[in-house]
Amino acid sequence: MARKGRDITERTMDPAAQAILARAEQLGIMTAFTRAEMMPPCTIGSGKSGMCCKNCFMGPCRITKDGQVGICGATVETIAARNLARAIASGAAAHSDHGRDLAFTLEAVALGQAPGYAVRDVAKLWEVARRVGVPTEGRTVNDVALDVARKALAEFGQQRGELSYLRTAPKRRYELWKKLDLAPRGIDREVVDTLHRTHMGDDQDPEHILRGAMRTALADGWGGSMWATDLSDILFGTPSPKVSQVNLGVLKRDEVNILVHGHEPTLSEMIVAAVQDPELLAYARSKGANGITLAGICCTSNEVLMRQGVPSAGNFLHQELAILTGAVEAMVVDVQCIMQALPNLAERFHTKVITTSSKVKIPGALHMEFDEHRALQVARDIVRLAIDNFPNRGEVLIPDVKADVVPGFSHEYLNYMLGGTYRGSFRPLNDAIMAGRIRGVAAVVGCNNPKVTQDKEHYDITTELLRNDVLVVQTGCGAIAAGKYGMLLGEAALELAGPGLREVCEAVGIPPVLHMGSCVDNSRILTVLTQMVTEGGLGEDISDLPAVGIAPEWMSEKALAIGTYAAASGAYVLFGVESPYEFSEEVSRLISAGWESMVGGKLEFVSDPQEIVRRALEHIDKKRAALKLPAYDPTKFGQSGDYPLQYYFELPLEEQQALVYGVPAREGNR
Ligand code: SF4
Ligand code: MSK
């Protein structure tokens with residue numbers, strides 16, 4: 001529970017959010033920040049002083065003492081393991097269902113039934129086809145797209161065998177999964193398997209329950225989420241760096257403001273097209289607006305930010321704040337992370353909250369269902385409705401706070417950036433890590449949670465890692481948080497970076513914090529880690545890499561699925577806030593030391609951000625030592641830090657490499 005009576009600066013470190021929270025107080029309006037403080041604490045449900053099971057109606061059973069069991073005899077360990085497994089199954093289902101919908105869209109495109117959509121990235125389609133065994137030779141784009149879409153759909157319902165993407169993992173990892181029976185057979189099957197085995201009277205061995213949960217999480221990371229990412233890239237383009245802006249200041253006082261919120265790019269991409277339609281722009285002017293501004297919230301925002309450069313109005317805890325500006329004509333929501341508080345809040349202003357998914361209706365919201373077969377028409381109807389709402393605006397307060405960002409570092413783009421068009425390669429990154437210029441890599445990802453100061457854990461952890469020469473990749477709401485404080489912009493972020501990291505980023509031309517997409521795109525990080533292994537010099541498996549994953553302000557069940565698939569892939573994953581499973585020492589041990597000895601990765605919950613950084617750096621250094629790499633020494637680098645970029649690129653490749661990575665060019669490096 002968030003401490004009662006926090007002042008505004010303890011609720012959020014974001015000045016835009018602070019200004020709007022002050023407005024909410026003046027107007028006597030509650031938000032998630034204040035509701036979090038009002039919520040009576042439940043130390044059993046939060047895992048602090050007990051464990052609660054609601055899996056059957058003999059209970060609920062609350063276990064608060066050593067040796068106490070539920071009415072059926074279930075132990076605290078079994079209950080904690082079941083609770084975690086069910087959360088993972090729910091998170092995996094959400095991500096994966098998102099992937100399924102994209103497969104349906106690609107199928108409709110291939111059949112010519114989705115006007116307005118097209119295969120925008122044919123190279124990616126060919127690459128995915130190759131990875132999943134769909135022939136391409138002499139075939140049309142639509143034929144290949146149809147087979148890829150149907151291959152994806154088949155993997156959801158597959159009953160036996162294994163998912164195609166598993167074989168794209170490092171060989172040693174794949175073999176380990178096979179040996180441990182962790183290779184997912186089908187995406188839906190694994191989710192159902194976990195829901196079944198955690199039903200009352202089924203699997204009661206905590207270690208076995210959690211092993212099943214790992215397989216389900218892997219079905220998300222190397223299945224549903226990876227499909228979602230790849231199919232989005234095929235349909236809407238693989239992201240590459242774009243210049244855009246982030247925070248509530250992207251809303252415009254004199255224009256119709258439309259926000260897209262949730263996770264799916266499918267409708268939002270059509271809204272991007274609709275807001276540029278001259279007829280709708282003229283219609284907006286006829287209502288007294290100077291134009292139409294489209295911006296995003298949460299991960300729908302990340303999807304259109306990294307592909308279209310559409311600005312972001314903010315992350316998870318900004319959804320209510322955006323409405324509180326009084327400047328939003330329509331908030332268009334699809335799936336996941338949408339607060340039920342929105343329609344009630346919108347009633348105090350003029351905002352229309354519009355649900356669009358067949359899976360999501362919210363009492364008080366307007367429902368305009370999205371259908372990929374008539375997507376542009378739905379998008380146009382939504383934009384028109386927002387324009388009609390413009391004259392209904394009351395008093396507006398748009399904080400003059402926004403930051404420039406450069407998002408969109410897909411692993412394909414990184415490959416190109418590091419190695420060049422013809423020799424795409426992760427070699428320079430591996431060499432920089434091997435030389436010690438870059439100490440290691442951290443993925444700092446995930447949500448906001450009003451139990452902690454908004455963005456502060458993200459900010460503190462990221463800045464400390466940068467100072468220690470750790471390259472940071474980000475997704476989801478953490479990426480938007482980084483953007484708000486200038487960390488997604490080369491010049492600003494480089495000020496925060498240690499000398500070695502700074503040199504590498506300046507030479508390659510990347511910021512030290514790389515925006516890699518939405519929360520479903522954590523699968524891109526799996527691909528980056530795999531490429532680092534494949535490139536050579538950093539071990540044989542993801543578990544050998546000097547790399548960590550951190551979710552400082554997590555709140556979603558999807559975060560637990562992500563953390564678990566990352567751990568099952570060999571990564572050390574640290575979660576902030578607090579542990580819902582703390583009361584079970586055995587489950588806490590199983591997911592940390594237990595998983596580490598089984599799969600090389602582990603999951604830990606640590607409330608103190610400084611301790612998170614300490615453990616992350618300790619892990620990175622431990623992995624460096626195991627690889628026999630030089631110990632990290634920040635005093636060794638920084639002499640060529642201000643090397644002019646344009647001059648650098650005029651040098652022969654070997655000299656570029658020697659200059660930047662401190663190691664001579666090696667045979668086969670490029
Ligand atoms: Fe209680 Fe067992 Fe039912 Fe859970 S499954 S609510 S522990 S009786
Ligand atoms: S939106 S899951 S709050 S990252 Fe992906 Fe943000 Fe977390 Fe939702």
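Q: Let's start in the middle of the fold: what covers the buried residues of helix 15?
A: Happy to begin there. This is a predicted model, and in it the cover over the buried residues of helix 15 includes strand 4 (256-262), strand 5 (292-297), strand 7 (330-333) and strand 8 (352-355), together with helix 10 (265-274) and helix 11 (278-286).

Q: Which residues of helix 15 are buried?
A: They are Ala375, Val378, Ala379, Arg380, Ile382, Val383, Ala386, Ile387 and Asn389. Notice that an arginine, Arg380, and an asparagine, Asn389, are in that list.

Q: How many ångströms should helix 15 span, and how far apart are its end C-alpha atoms?
A: The reasoning uses a rise of 1.5 Å a residue, so the 15 residues from 375 to 389 should span 21 Å. The end C-alpha atoms of helix 15 are 21 Å apart, in agreement with that.

Q: What describes two packed helices?
A: Two values do the job: the angle between the axes and the distance between them. Take helix 6 (residues 141-157) and helix 8 (residues 187-197), whose axes cross at roughly 20° and come within 3 Å. That angle makes helix 6 roughly parallel to helix 8.

Q: Which residues of helix 6 and helix 8 meet?
A: Helix 6 brings Glu155, Phe156 and Gly157, and helix 8 brings Ile187, Asp188 and Arg189. By class, this contact has 3 charged, 2 nonpolar and 1 polar residues.

Q: Is helix 19 largely enclosed or largely open, and how many of its residues are buried?
A: Here the count settles the matter: 9 of the 9 residues of helix 19 (residues 476-484) are buried, so the helix is largely enclosed by the rest of the structure. Among them are Gly476, Cys477, Gly478 and Lys484. After helix 19 comes Gly486, with a positive phi near 80°.

Q: What sign of phi do most residues other than glycine have, and which form do most peptide bonds take?
A: Most residues other than glycine have a negative phi, and most peptide bonds are trans. With that in mind, look at Gln336, a residue other than glycine with a positive phi near 70°. Gln336 sits in the loop between strand 7 and helix 14 (341-347), and its 17% relative accessibility counts as buried. Val577 also has a positive phi, near 60°. Val577 belongs to the loop between strand 15 (572-575) and helix 24 (585-599), and is buried at 10% relative accessible area.

Q: Where does Pro60 lie, and is the peptide bond from Gly59 to Pro60 cis or trans?
A: Pro60 is in the loop between strand 1 (51-53) and strand 2 (61-63). The bond from Gly59 to Pro60 is cis, with omega near 10°.

Q: Which residues surround ligand 1?
A: Gly59 is one of them, and the others include Cys53, Cys56, Cys61, Cys72, Arg82 and Met200. The shell divides into 8 nonpolar, 3 polar and 1 charged residues.

Q: Is Leu317 buried or exposed, and which residues does Leu317 touch?
A: With 2% relative accessibility, Leu317 counts as buried. Leu317 is in the loop between strand 6 (312-314) and helix 13 (319-324). Leaving aside residues up to four places away in sequence, Leu317 touches Ala32, Phe33, Met339, Asn448, Asn449, Pro450 and Gln454.

Q: Where does Thr216 lie, and is Thr216 buried or exposed?
A: Thr216 is part of helix 9 (residues 206-236), and its relative accessible area of 0% makes this residue buried. Beyond residues up to four places away in sequence, Thr216 touches Ala89, Ala92, Glu190, Val191 and Thr194.

Definitions and conventions:
Residues are numbered from 1 along each chain as its sequence is written. Chains are lettered from A and ligands numbered from 1 in the order in which they are written. This is a predicted model: local features need pLDDT of at least 70, side-chain atom pairs count only at pLDDT 80 or more; totals for chains, interfaces and linings use all residues. Side-chain values use heavy atoms; hydrogens and water are left out. A residue is near a molecule or strand if one of its heavy atoms lies within 4 Å of it. Ala, Val, Leu, Ile, Met, Phe, Trp, Tyr, Cys and Pro count as nonpolar, Asp, Glu, Lys and Arg as charged, and the others, Gly among them, as polar. Helices (H or I, at least four residues) and strands (E, at least two) are DSSP runs, numbered from the N terminus. The expected span of a helix is 1.5 Å times one less than its number of residues. Buried means under 20% relative accessible area, exposed over 50%, partly exposed in between (1.4 Å probe, protein chains only). Contact means heavy atoms within 4.5 Å. Axes are lines fitted to C-alpha atoms, for helices over the stretch in contact, and angles run from 0 to 180 degrees between N-to-C directions. Angles under 35 degrees count as roughly parallel, over 145 as roughly antiparallel, 65 to 115 as roughly perpendicular and the rest as oblique.
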